[in-house]
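User: I'm new to reading protein models and keep tripping over the vocabulary. Could you walk me through how a few of these labels get decided?

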Amino acid sequence: MCSHKFYVIDFVFVYTGFDSDNSGEFSEANHKDMIDVGTHQSSRTGKHNGEGPLQENGIKKHRTSLPAPMFTRSDFSVWSILKKCIGLELSKITMPIVFNEPLSFLQRITEYMEHIYLINKACNNASPLERMQTVAAFAVSAVASQWERTGKPFNPLLGETYELTREDLGFKFISEQVSHHPPVSAFYSEGLNKDFVFHGSIYPKLKFWGKSVEAEPRGTITLELLKHHESFTWTNPICCVHNVIIGKLWIEQYGTVEIINHSNGDKCVLNFKPCGLFGKELHRVEGYIQDKNKKKLFVIYGKWTECLWCIDPTTYDTYKKNERRGGDQKKLKPNEDSENDEADDMPEIQETVQVIPGSKLLWRINSRPPNSSQMYNFTSFTVSLNELEKGMEKVLPPTDCRLRPDIRHMENGEMYLASAEKERLEEKQRAARKDRARHEQEWRTRELDTSDNCFGREETGGKRSTIALQDIIRGQAAL
């Protein structure tokens with residue numbers, strides 16, 4: 001068995017970021033023992049006092065690399081891990097820190113915002129149909145960062161938070177781990193120009209199929225375009241990890257994603273295709289936009305790892321008919337049986353999408369930095385998510401991901417210290433959970449007045465309530 005299988009079980013949780021016994025809770029004791037952050041301001045502006053270099057336009061530059069390169073995993077044996085996990089539930093398996101990447105799952109969710117320009121474009125589109133096209137592109141772009149990411153994000157502790165303000169990109173973002181059993185992560189984002197609201201929750205469900213593992217990210221995602229009084233909802237596709245026992249790990253996403261415009265009844269149906277027998281469909285996405293009368297208005301096609309295009313249905317159908325007439329489809333031979341115990345070889349990736357004449361480009365993935373392979377295959381946006389500059393400790397709440405010592409040590413290449421902190425946090429969360437059970441107490445945040453906060457909106461007249469930064473920060477004192 002190849003030595004690179006050391007992270008096979010860990011990859012089970014790459015998409016979700018959760019294995020239940022590894023999650024934790026914040027308590028008042030945790031605040032003191034886990035993180036020494038000094039005195040914190042009681043008012044949060046969403047900005048930090050970092051003293052990093054500024055660009056000519058006054059916007060702060062963000063880092064372009066991690067403090068230390070990715071730790072090698074080639075010295076670990078998969079069997080030494082698997083033999084300890086026989087008979088256990090997948091969600092009960094605790095993996096060594098070497099299988100992680102130096103991010104919390106809450107930060108991983110923040111990667112939805114990498115292609116924020118698509119939301120801004122949708123806000124400025126005059127046509128409802130063009131807005132649906134752009135929102136569809138954003139929904140696909142939100143899962144693009146999963147490509148080639150074989151590290152597992154750290155499990156958020158119960159009550160853990162992450163907040164990010166990017167003035168250069170025009171948004172602010174807050175997320176919180178709101179439940180431990182089942183694990184639920186909630187997030188909320190809004191434009192600095194008050195032009196959109198983006199929010200949702202994710203609670204994954206895992207399925208083991210012998211040679212592969214499926215992660216179904218349950219939970220509805222909502223995008224509100226405030227100027228147009230439009231609300232779009234959708235769910236993410238299923239993520240499947242192949243060869244969790246033997247063979248080279250590879251990932252695909254498949255399933256149907258329906259994006260609904262609740263204002264006018266328009267719907268976009270996207271089919272994330274499984275790779276198929278010969279890999280021709282690997283990473284491909286095809287779908288269409290229809291109105292409330294189910295009339296097809298546009299066809300969408302591309303790859304979630306590369307780009308997305310749209311074209312009118314008539315042109316698309318004509319092109320496909322001509323393609324079928326001239327195409328030479330390879331047929332399955334009798335000895336090419338896909339049902340066997342061998343590894344599922346990853347199909348050869350076709351790097352480009354064949355563009356149909358007359359198509360309009362909706363989205364293209366950002367290029368990753370040259371040293372991405374040494375940084376857990378992070379994108380440039382991802383590299384900046386755990387950045388902690390001088391002065392930030394004074395404005396961040398003590399529950400922020402950036403202040404977790406295990407993640408910080410791992411990012412700095414201090415694997416021994418990171419592992420020790422990870423184990424300590426796991427023990428503290430188990431003790432906290434047992435203590436609450438013994439006293440029959442439930443974990444909850446405090447209900448506080450949201451009227452004097454610059455981030456959330458008050459709950460009035462049945463409108464959706466938004467958890468503000470101050471609510472989350474002060475709520476920890478209720479533990």
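User: Where is Glu 306 found?

Analyst: This is a predicted model, and in it Glu 306 sits in the loop between strand E16 (296-303) and strand E17 (307-311).

User: Why is Glu 306 called buried?

Analyst: Buried means under 20% relative accessible area. Glu 306 has 14%, so the label fits.

User: How far is Glu 306 from His 283, in sequence and in space?

Analyst: They're 23 residues apart in sequence, and their C-alpha atoms are 8.7 Å apart in space.

User: What about Glu 114: buried or exposed?

Analyst: Same recipe. The cut-off for buried is under 20%, and Glu 114 has 13% relative accessibility, so Glu 114 counts as buried. You'll find Glu 114 in the loop between helix H4 (105-110) and helix H5 (117-124).

User: What makes the link between the side chains of Glu 114 and Thr 379 a polar contact?

Analyst: The distance is one part of it: the N or O atoms must be within 3.5 Å, with one able to donate a hydrogen and the other to accept it. The pair here is at 3.1 Å, so the distance passes, and the link is listed as a polar contact.

User: Which residues does Glu 114 touch, leaving out those up to four places away in sequence?

Analyst: Asn 366, Thr 379 and Phe 381.

User: And how much of the protein chain is buried?

Analyst: Buried residues make up 52% of its 479 residues. The chain also has eleven helices and 18 strands.

Definitions and conventions:
Residues numbered from 1 in each chain as written. Predicted model: local features only at pLDDT ≥ 70, side-chain atom pairs only at ≥ 80, totals over all residues. Heavy atoms only, no water. Helix = DSSP H or I, 4+ residues; strand = E, 2+ residues; numbered from the N terminus. Buried < 20%, exposed > 50% of the residue type's maximum accessible area, 1.4 Å probe, protein only. Contact = heavy atoms within 4.5 Å.
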